[in-house]
Each structure stands twice: as structure tokens, then as C-alpha cells.
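Here are my notes on the model you asked about, point by point. Have the structure open while you read.

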Amino acid sequence: MNHSMKEVPGIGLKSSEMYSLIGLLEDRPKARYDFSAGPTVSKFLLGLKEGKILGKKCPRCGRIFVPPRSYCEWCHVATSEWVEVPQTGIIHTAVVSYISAKRQRLEKPEVVGIVRLDVPGYKDKEYEFAGLFHRICIDPKLVVTGEAIGMRVKVRWKPKEERKASILDIECFEPIG
Ligand SMILES: [Zn+2]
């Protein structure tokens with residue numbers, strides 16, 4: 001059955017007639033929903049609340065995933081062991097952002113990027129590492145000059161009483177020393 005519009009008799013409706021003739025109902029449901037982090041990410045988030053960065057290790061290749069994964073994507077086996085990983089690393093990528101995480105325009109730009117954590121188990125390849133995407137508390141000028149890349153950083157935690165088992169329990173990564 002492959003009719004073109006010409007073969008189907010009828011008169012097209014104007015959009016105003018949609019309401020008067022057919023009686024279109026318009027509804028805006030007040031949908032409230034929540035996102036379940038699942039057992040693996042939940043444990044990671046609870047670790048942050050305690051000031052720990054937890055990864056999960058593959059029993060076959062030894063890679064430690066941060067953020068943790070339930071399965072190793074290289075070996076296709078379940079990860080088994082939880083490991084606390086160092087809170088230090090190097091800036092792998094960085095950009096200057098004029099938009100906050102809550103999508104508001106910022107007067108003063110901030111730096112966000114990926115920090116390659118000092119996590120063992122990875123082969124020495126440029127694209128393979130455990131890391132986190134986060135705010136980086138450095139002068140945006142360092143991104144422009146290229147000095148930011150490779151800089152050693154560590155976690156700056158929010159005060160313990162303000163932590164909520166969220167990735168934002170990490171205030172930012174800041175330069176070491
Ligand atoms: Zn593996």
C-alpha cells in the first residue's frame with residue numbers, strides 16, 4: 001500500500017480547526033522522576049562523600065576503572081575488586097568555559113577538563129587511562145598558553161559536612177604545591 005496524497009480524498013485541516021473541530025487536548029504532565037545510579041556508581045559516589053576515589057579492577061587485564069565499571073570493556077568479564085586510587089594526576093585536556101555546570105553565563109570563566117589520575121594498570125598509551133572530567137582551579141590564561149596541559153594536580157574536596165555523595169563533592173582539581 002503506497003498511496004500518494006492525491007489518491008486519498010479529503011480536505012486538509014487548518015491548525016486553528018484542529019482545536020475547534022477535533023477537540024485537541026493539550027496536557028503538560030508534571031512528570032517527576034529520579035535517576036538510579038546503580039550499585040557500581042552508587043558505591044563510587046558514597047566513596048566521594050568519605051573523601052575517597054574508588055575504582056574497580058578487572059581480574060584479567062588489571063585495568064582499574066575510574067569512574068568504576070561493572071564490566072571490563074576489553075576483556076568482557078565482570079570487574080571484581082574495589083580499589084582506592086590516588087587523588088593526584090595530570091591535566092590531560094582543558095578548556096576555558098564561560099558557561100557554568102548549571103548552564104548559566106559566567107562573568108569570570110572557569111577551566112574544565114579531564115584529569116588523568118595516577119592509576120596503575122594502564123598500558124602507556126595516550127588515549128587509555130583512568131580519569132575524571134571536572135573543574136580545574138587554575139588561571140584560564142594557562143589554558144590559552146598551553147601550560148595547563150601536563151600540569152600536576154590533586155583533588156580539592158568540599159568540606160565534609162557539605163558533601164552529598166555527588167561528583168560535586170570534589171570542588172575541583174588544583175595544582176600540587
Ligand atoms: Zn580487562
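1. Let's start with the first strand pair. Strand E1 (residues 54–57) and E2 run antiparallel and are joined by 2 bridges. If you want a spot to click on, lysine 57 has isoleucine 64 in E2 as its bridge partner. Bear in mind that this is a predicted model.

2. That pair belongs to an open sheet of 3 strands, ordered E2-E1-E3, with antiparallel pairing. E2 and strand E3 (81–84) are the edge strands, each pairing on one side only.

3. Tryptophan 82 sits in strand E3. Is tryptophan 82 buried or exposed, going by its C-beta neighbours? Neither label fits: it has 16 of them inside 10 Å, and a residue needs 20 or more to be buried and 12 or fewer to be exposed, so tryptophan 82 counts as partly exposed. Setting aside neighbours within four places in sequence, tryptophan 82 is in contact with Leu54 and Lys56. Its C-alpha atom is 9.6 Å from that of phenylalanine 65, and the two residues are 17 apart along the chain.

4. Next, the hairpin. E4 and E5 pair in the antiparallel sense over 9 bridges, and threonine 93 has isoleucine 114 in E5 as its bridge partner. There are 5 residues between the strands of this hairpin, where arginine 103 takes a positive phi near 60°.

5. E5 also pairs with strand E6 (residues 131–136), again in the antiparallel sense, over 6 bridges. Here valine 111 stands opposite isoleucine 136 in E6.

6. Both of those residues come up again in the largest nonpolar core, which has 25 residues; Val66, Val85, Val111, Ala130 and Ile136 touch the most other members. At least two core residues come from each of H2, strand E2 (64–65), strand E4 (88–99), strand E5 (105–117), strand E7 (152–157) and strand E8 (170–175). E5 gives the largest share, 4 residues. As background, nonpolar side chains tend to be buried together in soluble globular proteins.

7. Which residues does valine 85 touch, not counting those up to four places away in sequence? They are Ile53, Gly55, Ile64, Val66, Leu117, Val119 and Ala130.

8. I also checked the length of helix H2 (residues 38–49). At 1.5 Å a residue, its 12 residues should span 16 Å, and the end C-alpha atoms are 17 Å apart, so the two agree. Just after H2, glycine 51 takes a positive phi of about 80°.

9. For the whole chain, I count 3 helices and 8 strands, arranged along the sequence as α-α-β-β-β-β-β-β-α-β-β. The radius of gyration is 25 Å, whereas a compact globule of 177 residues would have one near 16 Å. The C-alpha trace spans about 75 × 45 × 35 Å along its principal axes. Buried residues make up 21% of the 177. Of the contacts between residues at least 6 apart in sequence, 49% join residues at least 24 apart.

10. Last, confidence. The mean pLDDT of the chain is 89, with 92% of residues at 70 or more. Among the elements, helix H1 (residues 15–22) has the lowest mean pLDDT, 73, and E7 the highest, 98.

Note on methods
Residues are numbered from 1 along each chain as its sequence is written. The expected span of a helix is 1.5 Å times one less than its number of residues. A nonpolar core is a set of buried Ala, Val, Leu, Ile, Met, Phe, Trp, Tyr and Cys residues joined through C-beta atoms within 7 Å. Two residues are in contact if their C-beta atoms, placed from the backbone, lie within 7 Å. pLDDT is the predictor's confidence in each residue, from 0 to 100. Two strands pair if DSSP finds at least two bridges between them. The radius of gyration is taken over C-alpha atoms; the globule rule is 2.2 Å times the number of residues to the power 0.38.
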